[in-house]
Amino acid sequence: MNTKPDCYHIDVRGISVEVVRKDIKNLHIGVYPPNGRVRVATPLNLDDNTIRMAVITRLRWIRRQKTSFEQQERQSERFFVTGESHYFQGRRYRIEVLERDRPPKVWLLNSKNITLTVRPNSDRKAREAVLHRWYRRHLRNQLPPLIGKWESKLDVTVEDARIKKMKTLWGSCNVEAKRIWLNLELAKKPKSCLVYILVHEMVHLHERQHNDRFHELMDKFLPQWRSYRDELNRAPLAHEEWRY
């Protein structure tokens, strides 16, 4: 009988690896922002030696991912006040905050400035909510034509696409429900980054695992996916109180 705890850490050649035991069929290795945390989701029946060997076979990739996160630019904490910089579709904008006794609104003045109107005495959380609703609306409006285009190319059907803030994933796919989740932060990134994540998740409707077949499908349908991935990895990360 397996007496291992559900979650614990092992050391693999100087790298701390979080091991999470689940009732799943296949082992999955992930490296997550902001600092390259390594996490292994493993079936219940695998022992630590097997897990350690799986990590060792991916060490080059793991170290490359960790280095990428460590070098990635990070924004300081945002307070949603006039003069701050905020990103939208890959561009950096200066925000101007105006207090008005009318419904909150966000609009682009030009290629350099965003204006945010809020109710008088709105606190940081309320201002953030207004901007995030605007991000969500723009991201939501981009999805129908993109999904339609790639459903045709990939010969798959997406039943539902949803948006939420996620701390460790840019996207995810529920294969059984044919449902895709996209990180709200993608509204801040270049459109190519949104395309990459969307196609990545839609390819999972053909292949669940990140195996050779998955990469072959990505190469076939989106040959430039690696450059899009690198662009996403170079884009500034939002400030977060990262907890897992």
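**Strand pairing, helix packing and selected residues**

Beyond its neighbours within four places in sequence, R94 is in contact with T82, G83, E84, K112, N113 and I114. The structure described here is a predicted model. R94 lies in strand β6, which covers residues 91–99. Its relative accessibility is 41%, so R94 counts as partly exposed. This class lies between the limit for buried residues, under 20%, and the limit for exposed residues, over 50%. One of the contacts of R94, N113, also stands opposite R94 in β8. By contrast, K25 is remote from this site: 48 Å separate the C-alpha atoms of R94 and K25. Along the chain, these two residues are 69 residues apart.

The pairing of β6 extends along β8. Six bridges link the two strands, and the pairing is parallel. Strand β8 spans residues 113–118. Burial is the rule in this strand, with five of its six residues buried. Strand β7, residues 105–108, also pairs with β8. Here the sense is antiparallel, and there are four bridges. Within this pairing, W107 has T115 of β8 as its bridge partner. β7 and β8 together form a hairpin, with four residues between the two strands. β8 thus appears in two pairings: parallel with β6 and antiparallel with β7.

After β8, the chain enters a loop that leads to α3, and N121 is found in this loop. N121 is not a glycine, yet its phi is positive, at about 65°. The residue has a relative accessibility of 72% and therefore counts as exposed. The helix that follows this loop, α3, comprises residues 124–154 and contains H132. H132 counts as buried because its relative accessibility is 12%, and the class is set at under 20%. With neighbours within four places in sequence left aside, the contacts of H132 are K165 and L184.

A four-stranded sheet was examined next. This sheet is open, and its strands follow the order β1-β2-β4-β3. The pairing is mixed. β1 (7–12) and β3 (28–32) are the edge strands, each with pairing on one side only. On average, neighbouring strands are turned by 30° against each other, direction ignored. β3 pairs with β4, residues 37–43, in the antiparallel sense. Five bridges make up this pairing. V31 has V38 of β4 as its bridge partner.

Two helices pack on this sheet. Helix α1, residues 48–57, touches β1, β2 (15–22), β3 and β4. The direction of α1 makes about 55° with that of β1. Helix α2, residues 59–71, touches β2, β3 and β4. The direction of α2 makes about 20° with that of β3.

β4 also pairs with β2. The two strands run parallel and are joined by six bridges. V19 is matched in this pairing by V40 of β4, its bridge partner. Most of β4 is covered, as six of its seven residues are buried. In a regular strand, side chains alternate between the two faces of the sheet.

The loop between β1 and β2 holds R13. R13 is a residue other than glycine with a positive phi, near 50°. At 59% relative accessibility, R13 counts as exposed, because that class begins over 50%.

A helix pair was examined last. Helix α4 (residues 191–203) packs with helix α6 (residues 225–234) at an angle of about 120°. The two axes are 9 Å apart. The angle makes α4 oblique to α6. The crossing of α4 past α6 is left-handed. From α4, the residues S192, C193, V195, Y196 and I197 take part in the contact. Their counterparts in α6 are W225, Y228, R229, E231 and L232. By class, the residues of this contact are seven nonpolar, one polar and two charged.

Definitions and conventions. Residues numbered from 1 in each chain as written. Predicted model: local features only at pLDDT ≥ 70, side-chain atom pairs only at ≥ 80, totals over all residues. Heavy atoms only, no water. Buried < 20%, exposed > 50% of the residue type's maximum accessible area, 1.4 Å probe, protein only. Contact = heavy atoms within 4.5 Å. Axes fitted to C-alpha atoms, helices over the stretch in contact; angles between N-to-C directions. Parallel < 35°, antiparallel > 145°, perpendicular 65-115°, else oblique. Left-handed = near helix turned anticlockwise from the far one by under 90°. Nonpolar A, V, L, I, M, F, W, Y, C, P; charged D, E, K, R; others polar. Pairing = 2+ DSSP bridges.
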